[in-house]
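Reader: Please take a close look at a single part of this model and tell me which residues make it up.

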Amino acid sequence: MKFYITTPIYYVNDIPHIGHSYTTIAADILARWKRLNNYDVFFLTGTDEHGAKIAQAAKEKGISPEDLCNQMSAKFKAAWKLLNISYTDFIRTTESRHFESVEKIVQTLFDKGLIFKKKYEGLYCVGCERFYVLKDLDENGCCLLHKTKPVLQFEENYFFKLSQFGDELLKRITDATHQEHIQIQPEERKNEIIGKLKLGLEDVSISRTAIEWGIPLPFDKSQTVYVWIDALVNYLTGIDFPKEEFKKYWPADVHLMAKDILWFHSVIWPAVLMGAGIDLPKKVYSHGFFTLNGNKMSKSLGNVISPEDLVSKYGVDSTRYLTVTLIPFGPDGDISWEGLTLKYNTDLANNLGNLLSRTLKMAEKNFNNIIPQTKPNLYLAKQVADILKDSFIYNMENIALHKAAENLQNAITLVNQQIEQDAPWKLAKIDKDKLAYCIYSYLQAIDIIAIHLLCFMPEIAQKIWHSTGATGNIEDIAKKYFADFNIPDEGFSVENAKLGNPGILFPRFP
């Protein structure tokens, strides 16, 4: 079984920030989840490095576009290393392998008569590097994203016959039984795309004449491939297109992105693929935008949050968890430092951290940090497993990461409530045998939680696993567990095993 997941490739005119992190962490969690379910995963991310904005930014800095791209691409790689992103490949659109892919796709479309040349006058947004028609602008004639008026440009460009693909795209999006059905999520975004498709499609420019920093058209070196066509082809380049080997992972199982680029991924990209005779991606999932304290994040306002900012305060794994669970994954939302800290204290310090800490302290105080000998007790572990078996898996498979995290918190709360009910601090004085029985059950339940936590917080899950005296490599155990959902008769933490001391995993913020 294969699973191919992609992030958008990030434009190198900006440094990595929480918006980039949100998409990339989500993709990483899904990639890790599929690996735990024994899929052969290919996870692609990278940087988009061509276009007028890059050339202009380099000129302003007094360096070459190539030097700027090298610097900025390195920043993204460093950010993903910091956040423990387990990508398979990092694609850069300035690589020679990508030139070959783009030239192959564009030449194929040209040879099939799907590309033609015409003179064009249109409204061009420099920020988006795309042409707009009036109906796509706000009431003031401004770009919805950049709030600036596009400039009127006149060029003779090459166009792709997008208008020919409207009816077929509608079929593939709306008919779930179609052999090449393309699923667009969430549902409201799918409906937006369908509504626009029903209005009809216009042919789109796929080249520019005045842009030197780009890939030349193979059939007309005086023009460069439009940056958006160039960028979309990265999803093929990363898996060795145009070599036949690319079919090992294609079609993509999930293209993950923010909603501002959904049109390109759900309409233009599938049309290009159909024109080139290549299968369509299976799913396009677009999450929403989020604001910081009600304000759009921007460099000019000085309110951009970087991965380094988050990690320096919360640590790597907590940052991963908080970034994708603070707001529902899909719709727009607002974040704040106060909200992040509150969720950190609630979910991690008070719930998960408290569960592990109180269990280990009781074992240390009463059993010399050794798992006591007792009758095996898996009742609580099986309760936790049952809570998570259907709901957690359903939400992970449907990219509802915030709901999967809620499922985990519910399981943790269940164990904490059981501890309150058992009152082990009282048992320590009157019934050491029952205390041993209870602590054993808490440890087994924590092991199940750690297995499910692994894709969200891989390092923390490892520390929890080692601290409970669980045997074996947690990733290997998790793969076996998710294959059959079987808990060994003696559990994962075995009698007489020494418990670890992970320290305070989640120091509480005042």
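Author: What follows describes a helix contact, then a small sheet for comparison of the format. This is a predicted model, in which local features need pLDDT of at least 70 and side-chain atom pairs count only at pLDDT 80 or more, while totals for chains, interfaces and linings use all residues. Residues are numbered from 1 along each chain as its sequence is written, and side-chain values use heavy atoms, without hydrogens or water.

Helix H11 covers residues 316-325 and helix H14 residues 401-422 (helices are DSSP H or I runs of at least four residues, strands E runs of at least two, numbered from the N terminus). Their axes lie 8 Å apart and meet at an angle of about 120° (lines fitted to C-alpha atoms over the stretch in contact; 0 to 180 degrees between N-to-C directions). H11 and H14 are therefore oblique to each other (neither under 35, over 145 nor 65 to 115 degrees). From H11, the contact (heavy atoms within 4.5 Å) takes in Tyr321, Val324 and Thr325; H14 supplies Leu401, His402, Ala405 and Gln409. By class, 4 of these residues are nonpolar, 3 are polar and none is charged (Ala, Val, Leu, Ile, Met, Phe, Trp, Tyr, Cys and Pro are nonpolar; Asp, Glu, Lys and Arg charged; the others, Gly among them, polar).

The sheet is open and has 3 antiparallel strands in the order S10-S12-S11 (pairing needs at least two DSSP bridges). S10 (207-208) and S11 (216-217) are the edge strands, each paired on one side only. S12, residues 220-225, joins S10 over 2 bridges, and arginine 208 has threonine 224 of S12 as its bridge partner.
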